[in-house]
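Visitor: I'm new to this one and would love a tour. Please start with something I can pick out by eye.

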Amino acid sequence: RRLLHKELTGERIIVVSNREPYIHTKEHGRVEIHRPASGLVTAVEPVMRACSGTWIAHGSGSADRETVDRHDRVPVPPSHPDYTLRRIWLTKEEETGYYYGFANEGLWPLCHIAHVRPIFRLSDWQQYKAINKRFADAIVKEADSDDPVVLVQDYHFALLPRMIRSVLPKATVITFWHIPWPNPESFGICPWREELLQGMLGSTILGFHTPFHCKNFLETVDRYLETRIEHESSTISHGGNLTLVESYPISIQWPYPWQDTIPTVDECRNEILTSLGLSPTHLIGLGVDRQDYTKGILERFLAVERMLELHPEMVGRFSFVQIAAPTRSALDDYQAFEAQVRNLATRINQRFSTGSYQPIILKAEHHEPELVNRYYRAADVCMVTSLHDGMNLVAKEYVAARDDEKGVLVLSQFTGAAHELHEALLVNPYYIEQTADALFQALSMPAFEQQERMRSMRALVRDFNVYRWAGRMLLDAARIRQREKLALRIG
Ligand code: F6P
């Protein structure tokens, strides 16, 4: 936090993302404020609270849309504002093409190896370009100097860095890509690959979660564009602009936000078990995800089923709670996936249920972060089994929540988090037997081993928290700004 303040003295940063950090909806005539299920928001929001400035995002709630001034510009967080949320409202048609279409039916499956075929429609691409332009115009309006620091978030805005630079050539544009970057062959099927890459190369800094994603990006640029790549410094020179491509593994807030107010682990455990109608000695596994086909929820349920087959003594003693926030439900693939999750849970429950006992407790609705944290504190095991994931902050949140140094993390080797949390039980989620064994190992792990593993994962999340993530990028940006200023003076 201190580093952030130092780097930003005198600067007002502008963050741009599709997802907004606070959603106002009208329920039963009252305005309710929700925090979305989004790794991006989890990470960037505390950074914005520590700095100040403006966050520009797509307005997604129902309440503000209806009011007279539509709350285009609101001070947030609502209880004690630190920064401004500037909303951009999209029509249904724009949202369909830019967000559901190009971003989530095109780029999302293109960048994740989850074997869902990307769909590329010319009309979606046109909306994507138009909405990127709309956000670029908003940034230019928000900028109070000719060299603002702009933080562009994610795959919704690949074209934005170049658009910003064409109007504000001295801007420092830090782009962070929150999802994986595929290899050149995979990326190459996108009909507009060159435009996307050129757009991204308007950035001063381009960040990914892992060195592997950076390497894939450099190889992709090498394959499809005429550029100069300096592998030693990891920079790309293109159209008169220099971009540093670097890995900055994202993280979460530390200290843990509810540290001083949340009930003890024992109290959380009692509260959650009672609310689920379970006895105090019942064992709990937990999954927390958006209902997205990349998250490996079906594979996780199959591993629970296999574990119960192999260890019948666990039937009646262990339940797996899946918190599954609905997401992108307007898309066919997501609707079909929600149905698959429901049906598989029902089938497994029918197979093992006795009396009121259910091996899988599916909570397919949005849960506010504070409640999710109580679940983290109640769970003996947390399972993160993504088929492919940029980082996965659920893994880090579980670790941060366990100040009692208990609990075991089962973690997919295909997440960015697996590159850092080596003391988790790492699994290949496609290999059901292996995940089932890891789940059983977690449930039977002695307390001293849980403590040893948890302690070292907590130290990592504490030391490499989200302030460090943002601080490292801003420090690199400050160095580049300084160098550019000196070069101008000399020139
Ligand atoms: O981190 C990837 C990401 O797509 C974010 O961009 C996004 O906020 C989050 O997952 C949730 O997805 P969505 O905003 O589409 O609900």
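**Helices, sheets and a ligand**

Visitor: At about what angle does helix H2 run to S1?
Guide: Helix H2 (residues 39–50) lies across strand S1 (13–17), strand S4 (53–58), strand S6 (83–88) and strand S7 (149–153). Those labels are DSSP runs numbered from the N terminus, with helices being H or I of at least four residues and strands E of at least two. For angles, lines are fitted to C-alpha atoms (for helices, over the stretch in contact), and the values run from 0 to 180 degrees between N-to-C directions. Against S1, H2 comes out at about 165 degrees.

Visitor: Before going on, what kind of model is this?
Guide: Residues are numbered from 1 along each chain as its sequence is written. Local features need pLDDT of at least 70, side-chain atom pairs count only at pLDDT 80 or more, and totals for chains, interfaces and linings use all residues, as this model is predicted.

Visitor: Which strands stand at the edges, each with a single partner strand?
Guide: Take the open sheet of ten strands, in the order S5-S6-S4-S1-S7-S8-S9-S12-S11-S10 with mixed pairing. Two strands pair if DSSP finds at least two bridges between them. Having a single partner leaves one side without a neighbour in the sheet, so the edges are S5 (73–76) and S10 (228–230).

Visitor: And how many degrees is the twist from one strand to the next?
Guide: That's an average over the ten-strand sheet. From each strand to the next, the mean is 20 degrees.

Visitor: In S12, what is the bridge partner of Phe208?
Guide: Strand S9 (residues 205–208) runs parallel to strand S12 (residues 241–247), and four bridges join them. At Phe208, the partner over in S12 is Ser247.

Visitor: What angle does the direction of helix H6 make with that of S8?
Guide: Helix H6 (residues 160–167) packs on this sheet and touches S1, S7, strand S8 (172–176) and S12. Touching, or contact, is when C-beta atoms placed from the backbone lie within 7 Å. With S8, the direction of H6 makes about 175 degrees.

Visitor: Over to the other sheet: which strand does Ser412 stand opposite a residue of?
Guide: This one is an open sheet of six strands, S15-S14-S13-S16-S17-S18, with parallel pairing. S17 and S18 share three bridges in the parallel sense. One of the residues there, Ser412, faces Val427, which sits in S18.

Visitor: What angle does helix H15 run at to S18?
Guide: Helix H15 (residues 432–443) lies across S13, strand S14 (318–325), S16, S17 and S18. Relative to S18, H15 runs at about 170 degrees.

Visitor: Is Leu421 buried or exposed?
Guide: Leu421 is found in the loop between strand S17 (408–412) and strand S18 (425–427). Among its contacts more than four places away in sequence are Leu409, Leu411 and Met457. A residue is buried if 20 or more other C-beta atoms (placed from the backbone) lie within 10 Å of its own, exposed if 12 or fewer, and partly exposed in between. Leu421 has 23 such neighbours, so it counts as buried.

Visitor: Which helix gives the most to the largest nonpolar core?
Guide: A nonpolar core is a set of buried Ala, Val, Leu, Ile, Met, Phe, Trp, Tyr and Cys residues joined through C-beta atoms within 7 Å. The largest here has 136 residues, and those with the most contacts inside include Val16, Val150 and Val410. Eight of the core's residues come from its top contributor, helix H4 (residues 92–111).

Visitor: Is His115 buried or exposed?
Guide: His115 lies in the loop between H4 and helix H5 (122–142). Its phi is near 60 degrees, a positive value in a residue other than glycine. With 9 other C-beta atoms within 10 Å, His115 is exposed.

Visitor: What is omega near for the peptide bond from Val76 to Pro77?
Guide: Pro77 lies in the loop between S5 and S6. The bond leading into Pro77 from Val76 is cis, with omega near -5 degrees.

Visitor: Last stop: how many charged residues are in the shell around the ligand?
Guide: The residues around the ligand include Asn18, Asp154, His178 and Arg290, where near means a C-beta atom, placed from the backbone, within 6 Å. Ala, Val, Leu, Ile, Met, Phe, Trp, Tyr, Cys and Pro count as nonpolar, Asp, Glu, Lys and Arg as charged, and the others, Gly among them, as polar. The shell has two nonpolar and five polar residues, and its charged ones number four.

Technical notes
Contact = placed C-beta atoms within 7 Å.
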